[in-house]
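User: Hi! Could you walk me through this model? I'd like to chat about how its parts fit together.
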Amino acid sequence: MEAATRGCQCHALRAQDERYKRLGEIIAQYAGQPGALIPVLHHAQEVFGYLPHDVQVLVAEGLDVPLSEVDGVITFYSLFTSEPRGKYKIGICLGTACYVKGAAAVLEELKKQVGVDIGKTSADGLFTLEVTRCVGACGLAPVMTIGDDVYGRLTPEDVAGILDKYIQAEKNGKA
Amino acid sequence: MVLVKKNAHLMPLVGTRTNEQKGAKEMVTLTIDGQKVTVPANSTVLEAAEAAGIHIPTLCYLKDVSQTGSCRVCVVEIGGRLQASCVFPVSEGMEVKTNTPLVRESRRTTVELMLSNHPQDCLTCLRNQNCELQKLSHELNIREVRFEGARSSFPLDTSSPAIARDPNKCILCRRCISVCSEIQGVNILAARERGFETVVSPAWQEQLANTACTNCGQCVLVCPVGALVEKDDTEKVWKALADPDTHVVVQTAPAVRVTLGEEFGLEPGTIVTGKMVTALRRLGFDAVFDTDFTADLTIIEEANELLQRLENGGKLPMITSCSPGWIKFIEHQFPAYLDHLSTCKSPQQMFGALAKTYYPEKAGLDPGKIVTVSIMPCTAKKFEAERPEMQSSGYQDVDIVLTVREFARMIKEAGIDFINLADGEYDAPMGISTGAGVIFGATGGVMEAALRTAYEVVTEESLDKLDFTEVRGLEGIKEASVNLNGTVLKVAVAHGLGNARKLMELIQQGKAEYHFIEIMACPGGCIGGGGQPIPTNTDIRRQRMAGIYAADKDMPLRKSHENPAIKVLYDEFLREPLGEKSHELLHTHYVPRLKYSEVEHPEAKEETKRGTAS
Ligand code: SF4
Ligand code: SF4
Ligand code: SF4
Ligand code: FES
């Protein structure tokens with residue numbers, strides 16, 4: 001068929017990729033079972049780290065579920081993501097306490113420094129920027145988390161310095 | 001007798017929610033607003049109220065289509081609690097109150113919340129005066145919106161030549177999702193994200209034009225508001241009509257004559273052919289022709305193609321190709337089966353090709369100055385006209401396609417008093433047609449028209465009974481067999497893409513022992529097309545079908561091969577069916593398409609299999 005001869009290489013690449021083999025096994029294990037979609041997506045995300053479009057299509061085809069439904073489920077549950085994740089997740093709290101104490105300005109600065117919008121990952125793959133629910137540290141508002149670290153009483157001016165720690169650590173780690 | 005086998009009932013048209021289908025005989029008695037009512041035990045409270053003549057407002061609920069219980073406009077009080085009557089089952093002795101302060105306040109709040117996140121664009125909205133949200137807010141006597149909320153601002157999707165989406169007007173009733181997945185089985189639309197971010201859209205927020213959307217427009221027919229509408233092309237037509245250098249030719253599809261009247265308050269199924277012709281002349285069209293003419297022509301070409309396939313061992317079953325929604329469906333979903341399709345263009349496209357070759361030759365016109373407009377029951381026809389294959393005259397064969405709704409808007413804009421128009425007559429030669437052309441407008445009609453001709457051509461006997469009732473009606477899949485000089489021709493008819501998929505799966509499994517299949521994308525055929533007046537529902541479809549068969553009965557000629565203008569067309573121009581000219585102008589080819597955008601699916605399938613096998 002026309003499309004098959006269009007010169008797409010992903011087919012060949014995928015064949016060598018263990019992750020796709022694993023996905024095939026997961027789908028085979030669940031195919032035909034009612035309510036299979038969510039567990040399969042779960043496992044798929046464990047395997048790939050996120051749910052890229054081609055994985056979504058494989059799941060849709062493999063479970064015989066419409067792609068629109070797969071996409072609907074992925075976007076409905078916040079635990080699923082179709083974006084690749086950075087090494088560090090930055091979570092800025094926009095709960096009431098943080099908001100009142102100026103979290104919005106901190107978020108703006110984060111967007112500027114990391115260079116991406118909410119939900120996106122920086123070009124170097126280091127940071128993924130996310131808005132989180134209250135982390136229970138309202139006394140420290142406004143609060144953000146980077147990986148397992150928590151930062152409080154933030155001002156926009158703090159942002160660059162904090163991020164730099166991770167950038168430097170990454171550089172040194174690599175060197 | 002011609003027909004030797006009764007039609008089989010394989011799948012109902014829509015849903016499974018009618019009482020007969022639930023197979024219930026048990027009855028229960030309940031009280032609604034102090035009134036006793038006895039209904040089948042499997043009824044909903046809403047159905048019981050209807051039976052008692054009590055009106056409950058609804059919004060997301062749509063009979064035969066959608067019953068998601070999501071909007072909560074239909075709440076009633078049962079045992080002191082608010083329940084959504086459209087999904088709440090009745091029970092013996094139940095007490096229901098439909099008009100209490102609690103009920104009224106709840107309904108009002110629900111609708112006010114909707115309005116607080118709704119663009120108040122009524123004055124310029126395509127659905128102005130035919131909008132269920134507008135009607136509801138009037139009905140509930142809402143005079144102010146007490147809430148001020150954030151407004152969604154989703155981008156408009158105008159990528160498709162047929163359908164425009166404005167998610168900001170969407171009230172998340174999910175009717176379009178039901179129709180697209182459950183009835184059409186195309187599964188383009190779904191709800192994505194959650195809460196305030198929720199939007200009904202194709203997967204990945206893809207633009208409609210980049211998906212496997214068939215342009216059938218069934219979602220437009222069920223949308224209660226202006227969130228899904230036809231692409232409006234009326235301005236293009238006004239422009240062509242105002243240009244003194246152009247010769248503007250119009251064709252009217254078979255199904256339009258029994259539905260256009262609804263836009264002017266007439267009963268569904270009222271035949272308004274004559275008024276429609278007069279309206280077109282008043283609007284300034286230079287020639288008023290009929291798609292029925294090329295429907296007759298389609299029958300000649302298609303019947304010959306079928307006989308040729310039968311004789312030469314060609315690909316069978318042969319499947320009709322008149323319905324552009326169906327064509328796009330098979331191209332995306334069953335690309336390996338395109339050689340089953342008849343190569344005949346649809347009547348609209350045959351017309352377009354002839355209107356820029358045969359017609360100007362005969363009338364002494366410059367084909368480059370001809371603009372062809374079609375009035376169609378269909379949104380997918382807009383896409384069809386723009387297909388690159390459809391330029392065999394050397395120009396785009398059909399320039400502009402209007403749905404019935406757009407056409408009605410032009411008539412109103414021009415101030416034409418449609419109801420009181422005198423009957424007009426189509427122009428010759430491309431306005432001359434038979435009853436066989438008319439019945440193209442209803443499911444089973446192409447089959448019936450083809451059988452009328454095939455039978456007489458093969459047996460050289462004249463048919464005593466023209467009505468092939470086995471292929472008529474709203475059953476999802478219909479079957480019949482016809483004895484053609486000892487050869488039993490097995491045929492099937494499907495309408496609605498969900499039913500089409502069933503038939504295709506039979507073909508895939510090698511279980512479809514048919515020679516000839518008619519498929520129409522829309523439930524009921526073109527009388528239920530995505531470009532028809534809103535509302536379009538099962539009852540209205542039935543009325544329109546009755547109109548189609550009445551129009552057929554009225555015609556002096558009812559067999560395509562008896563159309564004198566078609567005979568002249570072959571004598572003067574085409575020479576013979578399936579001849580060189582026919583192939584050039586009247587036949588086409590199809591293109592395999594992807595099931596999803598971006599990712600090629602057969603390959604994905606292979607991958608999965610490989611993973612599975614190891
Ligand atoms: S969809 Fe209805 S309520 Fe909304 S702007 Fe259009 S006419 Fe008005
Ligand atoms: S036009 Fe038809 S196929 Fe496309 S989204 Fe609407 S219902 Fe689905
Ligand atoms: S687009 Fe129309 S039919 Fe679909 S969910 Fe929105 S309002 Fe309902
Ligand atoms: S009409 Fe019943 S919940 Fe919407």
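Analyst: Happy to; we can go through domains, ligand surroundings, salt bridges and a few backbone details.

User: Before we start, what kind of model is this?
Analyst: It is a predicted model, so please read the values that follow as computed from that prediction.

User: Thanks. Which domains does chain B have?
Analyst: The assignment for chain B lists domain 1 (27-112), domain 2 (126-230) and domain 3 (234-586).

User: Let's look at domains 2 and 3 of chain B. How many residues of each are in contact?
Analyst: On the domain 2 side of chain B there are 21 residues, and they contact 30 residues of domain 3 of chain B. Measuring between C-alpha centres is another way to see the pair: domain 2 of chain B and domain 3 of chain B have centres 30 Å apart.

User: What area is buried between domain 2 of chain B and domain 3 of chain B?
Analyst: About 1,900 Å² is buried between domain 2 of chain B and domain 3 of chain B, with carbon and sulfur atoms giving 55% of that. From domain 2 of chain B, the three residues that supply more than any other three are B:Pro161, B:Leu221 and B:Glu230, at 31% of the area this domain buries against domain 3 of chain B.

User: And what about salt bridges, how many between domain 2 of chain B and domain 3 of chain B?
Analyst: The count there is 2 salt bridges. As for B:Glu230, its side chain meets that of B:Arg409 in a salt bridge, at 2.9 Å from N to O. Polar contacts across the interface of domain 2 of chain B and domain 3 of chain B come to 17 residue pairs.

User: Which helix gives the most to the domain 2 side of chain B that touches domain 3 of chain B?
Analyst: That is helix α6 (residues 218-222) of chain B, with 3 residues. By class, the residues on that side of domain 2 of chain B are 11 nonpolar, 8 polar and 2 charged.

User: Switching to ligands. What surrounds ligand 2?
Analyst: Several cysteines are in the shell of ligand 2, including B:Cys180, B:Cys213, B:Cys216 and B:Cys219. Other residues around ligand 2 include B:Ile163, B:Thr214 and B:Asn215. The shell of ligand 2 divides into 8 nonpolar, 3 polar and no charged residues.

User: And which residues surround ligand 3?
Analyst: Among them are B:Cys170, B:Cys173, B:Cys176 and B:Cys223, along with B:Arg174 and B:Pro224. Around ligand 3 the classes are 11 nonpolar, no polar and 1 charged.

User: Ligand 1 too, please: which residues are around ligand 1?
Analyst: The residues around ligand 1 include B:His118, B:Asp121, B:Cys122, B:Cys125, B:Cys131 and B:Gln134. Its shell has 5 nonpolar, 4 polar and 1 charged residues. B:Val225 is listed around ligand 1, and B:Val225 also appears in the shell of ligand 3.

User: Back to salt bridges. How many are there over all chains?
Analyst: The count over all chains is 47 salt bridges. One of them pairs the side chains of B:Glu132 and B:Arg175 at 2.8 Å, N to O. B:Glu132 belongs to helix α4 (residues 132-139) of chain B and B:Arg175 to helix α5 (residues 175-183) of chain B, so this pair ties together parts 43 residues apart in sequence.

User: Where are the cis peptide bonds you'd point out?
Analyst: In chain A, one joins A:Ala141 and A:Pro142, with omega about -5 degrees. A:Pro142 sits in the loop between β2 (127-132) and β3 (144-146) of chain A. In chain B, the bond from B:Ala428 to B:Pro429 is cis, with omega near -5 degrees. B:Pro429 lies in the loop between α14 (404-413) and α15 (435-438) of chain B.

Conventions:
Residues numbered from 1 in each chain as written. Chains lettered and ligands numbered in written order. Predicted model: local features only at pLDDT ≥ 70, side-chain atom pairs only at ≥ 80, totals over all residues. Heavy atoms only, no water. Domains from an automatic or database assignment. Contact = heavy atoms within 4.5 Å. Buried area = accessible area lost by both parts, 1.4 Å probe. Salt bridge = Lys/Arg side-chain N within 4 Å of Asp/Glu carboxyl O. Polar contact = N/O pair within 3.5 Å; in protein donor to acceptor, adjacent residues only side chain to side chain. Helix = DSSP H or I, 4+ residues; strand = E, 2+ residues; numbered from the N terminus. Nonpolar A, V, L, I, M, F, W, Y, C, P; charged D, E, K, R; others polar. Near = heavy atom within 4 Å.
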